Amino acid sequence: MSNEEILKILRELVAEQFAKEPEDITMDTAFEGDLGADSVDLVELVMAMEEEFEVGEIEEEELTSLKTVGDAVNYLANKLNK
């Protein structure tokens, strides 16, 4: 799966969870700074990502490195393309 395909799906997930328009979500969108995400929001998003992309459980240490949508796209690309 390409980064562009992952971004398209992730945009929908993020937009739905944070009540934003998908086109407003970019690779540079920061979960905390731009979306106001707290830890509960991030856990819910990660659960949605795990289910949507079927990547298994994302470890808490890995979660802390996901600061932007781009970080999440790159993380998912690495998991999916192994």
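This is a short presentation on the helices, the nonpolar core and a few individual residues of one protein.

Good morning. The model I am presenting is a predicted one. I shall begin with the overall fold. The protein contains four helices and zero strands, and from the N terminus its elements run α-α-α-α. The radius of gyration is 11 Å, close to the 12 Å that the globule rule gives for 82 residues, so the protein is as compact as a globular protein of that length. Along the principal axes, the C-alpha trace spans about 30 × 25 × 20 Å. Of the 82 residues, 39% are buried. As for contacts between residues at least 6 apart in sequence, 57% of them join residues at least 24 apart.

Let me turn to the interior. The largest nonpolar core has 26 residues, and those with the most contacts inside it are L10, V14, F31, M49, F53 and L76. Helices α1, α2 and α4 each supply at least two residues of this core. Which helix gives the most to it? That is α1, with seven residues.

Helix α1 therefore deserves a closer look, given that its 16 residues should span 22 Å at 1.5 Å a residue, and its end C-alpha atoms, 21 Å apart, agree with that. Its buried residues are I6, L7, L10, L13, V14, A15 and F18. An α-helix has 3.6 residues a turn, so residues three or four places apart point the same way. The buried residues of α1 pack against α2 and α4. L10 offers an example: leaving aside neighbours within four places in sequence, it is in contact with M49, F53, V69, A72, V73 and L76.

From the other side of that packing, consider helix α4, residues 69–80. This helix has twelve residues and reaches 16 Å from its first C-alpha to its last, close to the 16 Å expected. In α4, the residues V69, G70, A72, V73, Y75, L76 and A77 are buried. Their cover includes α1, α2 and α3, the last of these being residues 60–63.

I come next to helix α2, residues 39–53, where D41 is located. What is the nearest side chain of opposite charge to D41, and how far away is it? It is K20, at 11 Å; D41 is thus buried yet has no salt bridge. Leaving aside neighbours within four places in sequence, D41 is in contact with Q17, F18 and G36. One of these, F18, is also among the buried residues of α1.

S39 also lies in α2. Is S39 buried or exposed? It is exposed, with a relative accessible area of 56%. The C-alpha atoms of S39 and T64 are separated by 10.0 Å, and the two residues are 25 apart along the chain.

Finally, I should like to draw attention to two backbone angles. Most residues other than glycine have a negative phi. A19, just after α1, takes a positive phi of about 50°. This residue is in the loop between α1 and α2, and at 74% relative accessibility it counts as exposed. E54 likewise has a positive phi, near 50°, in a residue other than glycine. E54 is found in the loop between α2 and α3, and it is exposed, with a relative accessible area of 71%.

To close, I would return to the core: its 26 residues draw on α1, α2 and α4, each with at least two residues. Thank you for your attention.

How values were computed: Residues are numbered from 1 along each chain as its sequence is written. This is a predicted model: local features need pLDDT of at least 70, side-chain atom pairs count only at pLDDT 80 or more; totals for chains, interfaces and linings use all residues. Side-chain values use heavy atoms; hydrogens and water are left out. Buried means under 20% relative accessible area, exposed over 50%, partly exposed in between (1.4 Å probe, protein chains only). Lys and Arg count as positive and Asp and Glu as negative; His and the chain ends are not counted. A salt bridge is a side-chain nitrogen of Lys or Arg within 4 Å of a carboxyl oxygen of Asp or Glu. Contact means heavy atoms within 4.5 Å. The expected span of a helix is 1.5 Å times one less than its number of residues. A nonpolar core is a set of buried Ala, Val, Leu, Ile, Met, Phe, Trp, Tyr and Cys residues joined through side-chain atoms within 4.5 Å. The radius of gyration is taken over C-alpha atoms; the globule rule is 2.2 Å times the number of residues to the power 0.38.
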